[in-house]
Amino acid sequence: MRILIIEDDAEVAAYLAKGLKEAGHNVVHAADGEGGLFLATSETFDALIVDRMIPRLDGLAVVQKLRAAGNRNPVLVLSALGEVDDRVQGLKAGGDDYLVKPFAFSELLARLDAICRRGSTAAPQTSLKVADLEINLLTHKVTRGGQSIDLQPREFRLLEYLMKHAGRVVTRTMLLESVWDYHFDPQTNVIDVHISRLRQKIDKGFDLQLLTTVRGAGYMLHAPE
Amino acid sequence: MRLNKLFLSSTVRFAAIYMALFATSVLILFGFIYWATAGYLERQTKAVIETDAAGLADRFRLNGGEALNQLIAQRVSQTRGQEKVYLLADRAGKVLAGNLPTPPAVDPVSGQWLTVEVDDYDAEEDGEEEKHFALAYTIWLSDTLYLLVGRDVHELEEKQEIILQALGWAFALTIVLGLVGGFVISAGMLRRIETINETSRRIMTGDLSRRIPLGGSGDEFDQLAQNLNDMLDQIQTLMDGIRQVSDNIAHDLRGSLTRLRSHLDLWQSQSAGNDIHKPIVDKIVREADNLLATFNALLRIARIEAGNRRAGFAAVELKTVLLDVVELYEPLIAGKGQNLEVDLPEDLTILGDRDLLFQAFANLLDNAAKYTPDNGKIRVALDRGSDGVRVLIADSGKGIPAPARDKVFQRFFRLEESPDTPGNGLGLSLVAAVVKLHDGEIRLADNHPGLRVEMTFPAGN
């Protein structure tokens, strides 16, 4: 993917560029709002990473101007401001996701992945399938290898989210925000317990372990090659 | 209620003081008016009597006793009944002339004023017999002979009475007007003080944008309000400055912390598995994460305490939030074999921030799960108390000793026995900040055994 980073902090920008390049992306960097807006409107990108506090033109204003001009590129807003109202402002301005500094690079990569995929899945799906695990989004029926699995409503939403992002890393905060719909900092890793419970139900007794923990990043549901 | 009473009582006190001062000055003024009017009439009457008596005495001195007798007889014949009283008598009390048949007891000196009872001279005219008195003056013509001249003062007394009555009514009216005026003035004054109080209370609850309205007259109250407003402006400027500085610090420090964390991240990923430093790097990353978490929590508490979040308040269904918290922690609690009792009979709504409330309840339930032994008991309840909506989170852990209960809400305070348990000593500070933001109250009590956390929030509607 071709990604535009609008960030005034040279070190953060270099770090982002390095990591993204290692992940196989093509990176262009702008150091202020005006330059970023110019690049975003004159060239084509697959995704934008925009810092909120940048000189010349505020990050949110850049996003607003882009959206007003009909640009629908996925935008990930970065900020040192982490309060919910700031987050809401960021999303209202047209950002697709909001990430608070400091963040682990894996978190950024996971979220970037998620917002880029969001645009491509246009047709509403009624069922999802990963290897021999299948869920029906209408009837909420879950089967693995033809065997029916009973899930609690929250476990179903958790599995649904993991399957929609199959093959990609999903972080704990992404799960809290999407599956539980609350923005908060858990003091302990309560999510881990939910994951291990879900793993008990879908992986126990099967040779192929679909739900894996990615150390220091989060979880992934995938069918190993 | 209490405040209202106080307000009323000071109104009454001010009105009473005002009234007392007012009444005293009016009383002095009316006393002078009475002296100037009724007193003048009496003085005039006395002057007439004195002149009349002096005239008669002169006649005696110049023309002798017979001439005086004639003159008295002439005067008596011209008067109606005893409207004017004349008497010429000797020391023994023998009447020589005049229309007063029974002479009163008199002192043997000239110039004595006395009151004698006389007949009603106009009893036939107005048809009623009234008691009349005459004001009389004596002059001794010789050692044995004295002259008494008097005037019926019934009419004078009537006039004086009318004046007194009029003044009495005027005084009563003045008292009533004074009382009303006192009330109006002191209530008006106190209302302005109350406006200042009300504004101060709003400001104390975090709404620093409030200002005291000015009356527009530029009086002392306006000056006081203006001074307070200027002071508030200055405080707000200072606070905005501090917030600006702390926001800048947040931005800058978090920026460098991000870079630190990023470098560590890269190091960690590059030294995958085979580096002998890996355990140390992992430890440093964990420490950096802890540092960031503490820093974030501190900033978060500061922002919550600043009260800005109130602008985004909406109706929050507490039962839903509590059920979500319980649902999130249920597997963790079940994993420790703890018994979770959830008692949420009705959905109660408060005005608030659902994410912050979720965070506060989650912190408390997290603590409960952390400090309650395996197979212990945890209870979450919601009910309507007398003073609002009550949320209860109780456990059967080791609890918090009574002397430490106030301190646990302070930043970085940790119980001595728990230095090894993870946490930064900010969890309960955050809870307290969230509860305060919602105008709520939080109380810690002994659950016999364990900790009982009780929060009360004002009901939403």
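In what sense, and over how many bridges, do strand S7 and strand S9 of chain B pair? I would like to start there, and I should say at once that what we are looking at is a predicted model. Strand S7, residues 339-343, and strand S9, residues 377-385, pair in the parallel sense, and they do so over five bridges. Within that part of chain B, Glu341(B) stands opposite Arg379(B), which belongs to S9(B).

Staying with S9(B), we can follow the chain into strand S10, residues 388-395, where the pairing with S9(B) is antiparallel and runs over eight bridges. These two strands form a hairpin that has two residues between them, and Gly385(B) has Gly388(B) in S10(B) as its bridge partner.

Let me turn now to another sheet of chain B, an open one built from five strands in the order S2-S1-S5-S4-S3, with antiparallel pairing. Its edge strands, each of which pairs on one side only, are S2 (95-98) and S3 (113-118) of chain B. On average, neighbouring strands in this sheet are turned by 25 degrees against each other, if direction is ignored. Looking at one pair in detail, S1(B), residues 84-90, is joined to S2(B) by three bridges in the antiparallel sense, and Leu88(B) has Ala97(B) in S2(B) as its bridge partner. Helix H2 of chain B, residues 65-78, packs on this sheet and touches both S1 and S2 of chain B, its direction making about 150 degrees with that of S1(B).

In chain A, I would like to show you a pair of helices, H6 (residues 153-164) and H7 (residues 172-180), which pack at an angle of about 120 degrees with their axes 10 Å apart. That angle is why H6(A) is described as oblique to H7(A), and H6(A) passes H7(A) in a right-handed crossing. From H6(A), the residues Arg157(A), Leu158(A) and Tyr161(A) meet Leu175(A), Ser178(A) and Val179(A) of H7(A), and the residues of this contact divide into four nonpolar, one polar and one charged.

Finally, how many residues does each chain bring to the contact between chain A and chain B? Chain A contributes 26 residues and chain B contributes 30 residues. On the side of chain A that touches chain B, helices H1 (10-22), H4 (84-92) and H8 (190-203) of chain A each supply at least two residues, and H8(A) gives the most, with four residues. Sorted by class, that side of chain A has 14 nonpolar, five polar and seven charged residues.

Methods: Residues are numbered from 1 along each chain as its sequence is written. Chains are lettered from A and ligands numbered from 1 in the order in which they are written. This is a predicted model: local features need pLDDT of at least 70, side-chain atom pairs count only at pLDDT 80 or more; totals for chains, interfaces and linings use all residues. Two strands pair if DSSP finds at least two bridges between them. Axes are lines fitted to C-alpha atoms, for helices over the stretch in contact, and angles run from 0 to 180 degrees between N-to-C directions. Two residues are in contact if their C-beta atoms, placed from the backbone, lie within 7 Å. Ala, Val, Leu, Ile, Met, Phe, Trp, Tyr, Cys and Pro count as nonpolar, Asp, Glu, Lys and Arg as charged, and the others, Gly among them, as polar. Angles under 35 degrees count as roughly parallel, over 145 as roughly antiparallel, 65 to 115 as roughly perpendicular and the rest as oblique. A crossing is left-handed if the near helix is turned anticlockwise from the far one by less than a right angle, and right-handed if clockwise.
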